[in-house]
Amino acid sequence: MSVSKIDGIGTRKDGSGGESVNTSVHPKKIIRMMGFSTDGAAAVTYTKGDAVALQIASATVNGTDILTTYGIGNVVKLATDLTELLCLGVVTETAEAKYNSTSAKGSEVIVSVQISGVFEKANVTTSTSVGLQLFPSGTDGRLILSASSDPDTNKPLAIALANAASNSCKIILLNPLSY
C-alpha cells in the first residue's frame with residue numbers, strides 16, 4: 001500500500017529510493033461550527049479572516065438557548081480580548097447570521113473555521129509584524145500583537161508570517177484548543 005499524503009516540512013523519501021522536497025504547506029485543518037445572531041440584537045457577519053472564539057454563555061436564538069441546541073464546543077462568536085483563552089481560529093468564508101426585525105428573532109449560520117495551518121489575509125491591526133504572536137483584540141474578529149494584561153490568559157492564536165498591510169496579513173494558526 002502506498003502513502004497518499006505525507007504532512008511535514010523538509011525532504012522525504014519518494015518511494016523509489018530517492019528523496020523529494022515536501023512542498024505541502026503546513027497542514028490546514030478546517031472545521032464547521034455554528035455562528036449566530038441573538039434575539040433582540042442585530043445581524044452578525046462572520047467575515048473571511050475574522051478570528052472566532054467558542055461561545056460558552058447562554059444566548060437566545062430564535063427563542064431557544066443555542067448551547068442547549070448545539071452544545072458547548074460547537075458554537076462560535078467573533079473573538080475579542082475577553083475571549084483569549086477560547087479563541088479557536090479564523091473564518092474561511094464570509095457568512096451572515098441574519099436578524100428578523102419584524103419578529104425580533106436571531107438566526108444560526110454554519111461558519112467554516114480554519115484552526116491550523118497557513119491562512120492568507122487574516123484580520124489584524126496595522127502594527128502587526130512578521131514573527132510575532134497574535135491575540136484577539138478589543139475589536140470583534142481582529143487580531144493584535146499584545147496579549148491581555150492577565151498573564152494567565154495570554155495564549156496566542158497565531159504567528160504573523162508577514163507585516164500587516166491594510167489590516168491584513170499572512171499568519172500560521174497554532175490550533176490553541178487542539179481541536
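Here a biologist and a modeller talk through the nonpolar cores and salt bridges of a predicted model.

Biologist: Which residues touch the most other members in the largest nonpolar core?
Modeller: In this predicted model, those are Tyr46, Leu88 and Val113, within a largest nonpolar core of 22 residues.

Biologist: And which elements give two or more residues to this core?
Modeller: The strands that do so include β3 (29-36), β5 (51-54), β8 (76-78), β9 (87-91), β10 (95-97) and β11 (108-123), and the helix α1 (66-70) also gives two or more.

Biologist: What about a second core, and which residues does it include?
Modeller: There is a second, separate core of 17 residues, and among its members are Cys87, Val90, Val124 and Leu143.

Biologist: Switching to charges, how many salt bridges does the structure hold?
Modeller: It holds 2 salt bridges, and in one of them the side chains of Lys98 and Glu96 meet at 3.2 Å, N to O.

Biologist: Is Lys98 buried or exposed?
Modeller: Lys98 counts as exposed because its relative accessibility is 52%, and exposed means over 50%; its partner Glu96 is partly exposed, with a relative accessible area of 37%.

Biologist: Which residue forms a salt bridge with Glu120?
Modeller: That is Lys170, with the closest N and O atoms 3.6 Å apart. This pair links distant parts of the chain, since Lys170 lies in strand β15 (residues 168-174) and Glu120 in strand β11, 50 residues apart.

Biologist: What are the relative accessible areas of Lys170 and Glu120?
Modeller: Lys170 has 32% and is partly exposed, while Glu120 has 46% and is partly exposed.

Notes:
Residues numbered from 1 in each chain as written. Predicted model: local features only at pLDDT ≥ 70, side-chain atom pairs only at ≥ 80, totals over all residues. Heavy atoms only, no water. Core = buried A, V, L, I, M, F, W, Y, C linked by side-chain atoms within 4.5 Å. Buried < 20%, exposed > 50% of the residue type's maximum accessible area, 1.4 Å probe, protein only. Helix = DSSP H or I, 4+ residues; strand = E, 2+ residues; numbered from the N terminus. Salt bridge = Lys/Arg side-chain N within 4 Å of Asp/Glu carboxyl O.
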